[in-house]
Amino acid sequence: MAVRTRRYSARDVTVLVIGLGVAIVVNVGLIWGPTLASVGLSGTDWNGIGPLRWVGGRNYADLAGAYPPFWSAVRNNLLWLGFLGLVATPFGLLCAVLLDRRLRLSRLYQSALYLPVVLSLAVVGFIAQLVYSSDYGVLNAVTGLSVDWLGDRSINIWVVMVAAGWRHVGYVMIIYLAGLKAVDPALKEAAAIDGASEAQTFFRVVFPTLRPVNVIVLVITVIEALRAFDIVYAINRGRNGLELLSVLVTENIVGEASRIGFGSAIAVILLAISIGFIVTYLSQLFREE
Amino acid sequence: MDHGAPLSRRNLLLGAAAAAGVPALLAGCSSGARPSAGGASASGGLGTVTLGSNASDEVPKKSLATVLASFHSAQVKVNTVDHNTFQENINRYLKGRPDDVFTWFAGYRMQFFAEQGLATDISDVWREIGGDYTQAFKDASTGTDGKQYFVPFTYYPWAVFYRKSLWRQKGYQPPRTLDEFTALARKMKADGLIPIAFADKDGWPAMGTFDIINMRTNGYDFHISLMGGKESWTDPRVRQVFDTWRGLMEYHQPAALGRTWQEAAQSLQQKKTGMYLLGMFVAQQFPENERDDIDFFTFPEIDPAHGTDSIDAPIDGYMISAKAKNVDGAKALLKHLAQAAAQNVATGLDPGTLAASSKADTSGYSTLQKRGAELVSKAKHIAQFLDRDTRPDFASTVMIPSLQSFVGKPGEIDSLLAGIEKQKATIFR
């Protein structure tokens with residue numbers, strides 16, 4: 001005699017349906033809907049006015065073969081990621097470690113490093129122009145050089161990344177600083193008693209305990225690199241060596257150009273790159289659990 | 001506590017979601033933020049006309065308000081939107097809920113929207129106002145179907161500007177031919193000046209240089225046909241344009257891609273540079289008491305077959321949207337805006353512009369305005385500037401990066417032109 005127990009009452013089901021339903025509707029309507037719409041539009045040559053016409057993969061072929069800004073944008077996005085990940089983030093960690101040792105005036109350094117973080121990247125872009133402008137910029141005035149820092153496409157991406165890194169360092173520093181404060185001092189003492197050098201203590205003992213912080217920093221770095229937009233847009237609307245995928249999407253879709261199909265194709269590429277990172281990150285996360 | 005508690009907590013949550021979340025979402029979806037500004041009003045028999053204006057700067061805004069104050073046939077409600085925002089959103093604006101009348105540009109940029117059926121045919125208005133405009137202005141207001149869609153209001157010519165005092169002091173004379181131009185530039189360089197002020201950070205100023213060299217070398221018809229996507233960019237005639245330009249590059253202000261036109265204009269004002277090819281709005285960068293010191297010459301002749309018969313002189317004006325609710329009122333407003341008196345109000349307030357009507361009173365013009373009007377009246381063809389003479393997507397996503405790449409590396413012409421031609425094929429199809 002199996003007693004069939006109803007695990008959910010009718011009321012439970014209603015609540016469940018409404019609760020889940022709202023979440024699903026919001027998720028599909030605001031995230032998956034637009035995403036799939038972009039993927040769909042990327043196969044058309046829609047200009048925002050006329051009828052939708054299916055062109056298959058032509059936008060992607062044009063992107064790769066006949067749109068020079070595309071490859072420079074891909075290159076710049078990767079450079080941006082590399083620079084933030086390999087230069088700015090380690091430097092932020094270094095600052096955090098130094099500040100954690102309670103140097104004299106450490107509060108002052110900490111504030112100075114953290115200050116740019118409260119600025120929007122668009123503002124950092126304006127500040128960068130005051131520094132780098134070839135005619136009135138501080139850098140040329142102080143050094144006596146006459147380099148066109150922002151106009152020369154072989155160097156402008158680097159100086160802009162330095163400006164973006166300036167902000168990123170403070171961001172990373174404050175996160176690591178919080179992480180370092182939480183490390184149990186007993187661990188360091190134990191390592192010191194065991195005769196570990198300062199470097200060994202940090203790399204073998206302290207850094208591994210920072211693992212959760214590392215993951216957060218990594219995610220922030222990737223997000224910052226992929227969503228970079230405002231700083232180059234403020235400087236020269238992301239042209240002439242400062243192309244980024246996000247800017248090209250805007251330039252094609254939002255501007256007067258209205259190449260919505262073509263711009264969507266660029267957005268899909270950006271999505272594919274983002275998904276690559278998200279999948280790697282999630283699979284890493286799940287494997288641990 | 002019985003098991004009723006968690007349920008009611010859930011209900012509470014749901015209630016909260018319904019009360020706060022959903023309406024917030026709905027509010028987020030509605031496309032509010034329709035910018036508006038107070039409009040001039042006058043009672044009249046034709047109801048209310050709405051006017052979408054990009055005159056967000058103080059001077060043009062004031063001049064529009066003054067012009068509208070003398071319009072009595074209908075009430076006018078002005079919606080002012082930031083200049084660039086207006087331009088960038090024009091597609092969505094015309095597709096959505098446009099105003100009856102809106103500010104726009106003559107030439108291809110007008111034709112593009114007329115062709116998509118987003119503008120109202122105003123040929124009947126032109127039968128009345130036609131006598132006030134020259135043929136060049138009428139052509140610039142005519143769609144590809146031969147009907148008129150646009151009423152010219154003001155315009156400004158492009159030319160090579162210089163400071164009279166500097167030129168008098170150094171004994172320079174306006175050049176007539178390309179050789180004289182180059183010789184002058186060489187002399188300026190020897191005198192320690194940067195001959196030609198130049199800036200292209202924003203991407204569009206270099207278009208002016210391309211336009212004028214192309215029109216001088218290959219003539220207006222070829223230029224317009226090239227802009228219309230009908231000619232090949234790998235044509236030797238186009239190559240010739242870039243070759244000529246490259247020859248002049250050594251006299252251009254270096255590091256142009258990091259400079260705005262305002263900075264280049266200031267270098268002209270400070271007498272660091274000798275001359276500057278730009279629109280008449282260059283005067284904005286000069287203090288009021290130095291504006292009489294500005295003079296200009298039209299870009300010199302390159303091919304005698306074309307002489308100096310064409311110039312860039314972008315025309316600003318008004319159109320009626322296809323979805324206009326009050327077409328009669330809108331047409332009456334356009335007739336009012338076409339009147340010389342209305343345009344004179346604008347030119348009086350904004351010294352960087354000229355009245356489009358040939359009946360306009362030029363006696364109130366500044367010296368510079370008078371010279372500008374004279375220049376335009378001598379020109380046989382008036383081009384609208386590259387980004388107004390071609391498809392907006394071609395201008396912004398192909399020509400801006402390409403011209404910037406030329407300015408950065410003037411040596412690589414062949415690969416650049418092949419690239420433009422390839423991209424052109426993906427846009428004009």
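What follows walks through chain B of a predicted model, from its overall makeup to its sheets, its domains and its contact with chain A.

Start with the big picture. Chain B carries 18 helices and 12 strands. Out of its 429 residues, 49% count as buried. Its contacts reach well along the sequence: taking pairs at least 6 residues apart, 80% of the contacts join residues at least 24 apart.

The domain assignment splits chain B into two parts, and each part is made of two stretches of sequence: domain 1 covers 48-155 + 315-364, and domain 2 covers 158-312 + 391-427. Their C-alpha centres sit 29 Å apart. Where the two meet, domain 1 of chain B puts in five residues and domain 2 of chain B seven. On the domain 1 side, that comes down to three nonpolar residues, one polar and one charged.

Next up is strand 3 of chain B, which spans residues 101-105 and has five of its five residues buried. Its side chains split between two directions, with B:Val101, B:Thr103 and B:Phe105 going one way and B:Phe102 and B:Trp104 going the other. Neither direction leads to an exposed residue here, as both groups are buried. Strand 3 of chain B also has pairing partners. Strand 1 of chain B (residues 48-53) runs parallel to strand 3 and is joined to it by two bridges; B:Gly52 has B:Phe102 as its bridge partner. With strand 10 of chain B (residues 315-320) the pairing is antiparallel and extends over five bridges. In that pairing, B:Val101 is matched with B:Ile320. So B:Phe102 and B:Val101, both buried, also turn up as bridge partners, B:Phe102 with B:Gly52 and B:Val101 with B:Ile320.Another sheet in chain B is an open one of four strands, ordered 6-7-5-8, with mixed pairing. Strand 6 (194-197) and strand 8 (294-297) of chain B are the edges, each pairing on one side only. On average, neighbouring strands in this sheet are turned by 30 degrees against each other, ignoring direction. Going across from the strand 6 edge, strand 6 and strand 7 (residues 273-279) of chain B run parallel and are joined by three bridges. Within strand 7 of chain B, B:Met275 is the residue opposite B:Ile196.

Two helices pack on this sheet. Helix 10 of chain B (residues 205-227) touches strand 5 (158-163) and strand 7, and its direction makes about 90 degrees with that of strand 7. Helix 12 of chain B (residues 261-269) touches strand 5, strand 6 and strand 7, with an angle of about 140 degrees to the direction of strand 7.

Strand 5 of chain B is mostly covered, with six of its six residues buried. Its pairing with strand 7 of chain B is antiparallel and takes four bridges, with B:Trp158 partnered by B:Gly279. The pairing of strand 5 with strand 8 of chain B is antiparallel too, again over four bridges, and here B:Val160 stands opposite B:Phe297.

Then there is the contact between the chains, which takes 31 residues from chain B and 32 from chain A. On the chain B side, the elements giving two or more residues are helix 1 (4-29), helix 3 (83-88), helix 4 (90-95), helix 17 (392-408) and helix 18 (413-427). Helix 17 of chain B supplies the largest share, eight residues. By residue type, the chain B side divides into 10 nonpolar, 12 polar and nine charged.

As for chain A, an unreviewed UniProt entry lists residues 12-32, 78-99, 111-132, 155-178 and 260-282 under "transmembrane region". Two of these spans can be set against the model. Residues 12-32 of chain A come out as 100% helix and 0% strand, with the end C-alpha atoms 27 Å apart. Residues 78-99 of chain A are likewise 100% helix and 0% strand, and there the end C-alpha atoms lie 30 Å apart.

Notes: Residues numbered from 1 in each chain as written. Chains lettered and ligands numbered in written order. Predicted model: local features only at pLDDT ≥ 70, side-chain atom pairs only at ≥ 80, totals over all residues. Buried ≥ 20, exposed ≤ 12 C-beta atoms within 10 Å, placed from the backbone. Pairing = 2+ DSSP bridges. Nonpolar A, V, L, I, M, F, W, Y, C, P; charged D, E, K, R; others polar. Domains from an automatic or database assignment. Axes fitted to C-alpha atoms, helices over the stretch in contact; angles between N-to-C directions. UniProt positions renumbered as here; feature names shortened; annotations may be inferred.
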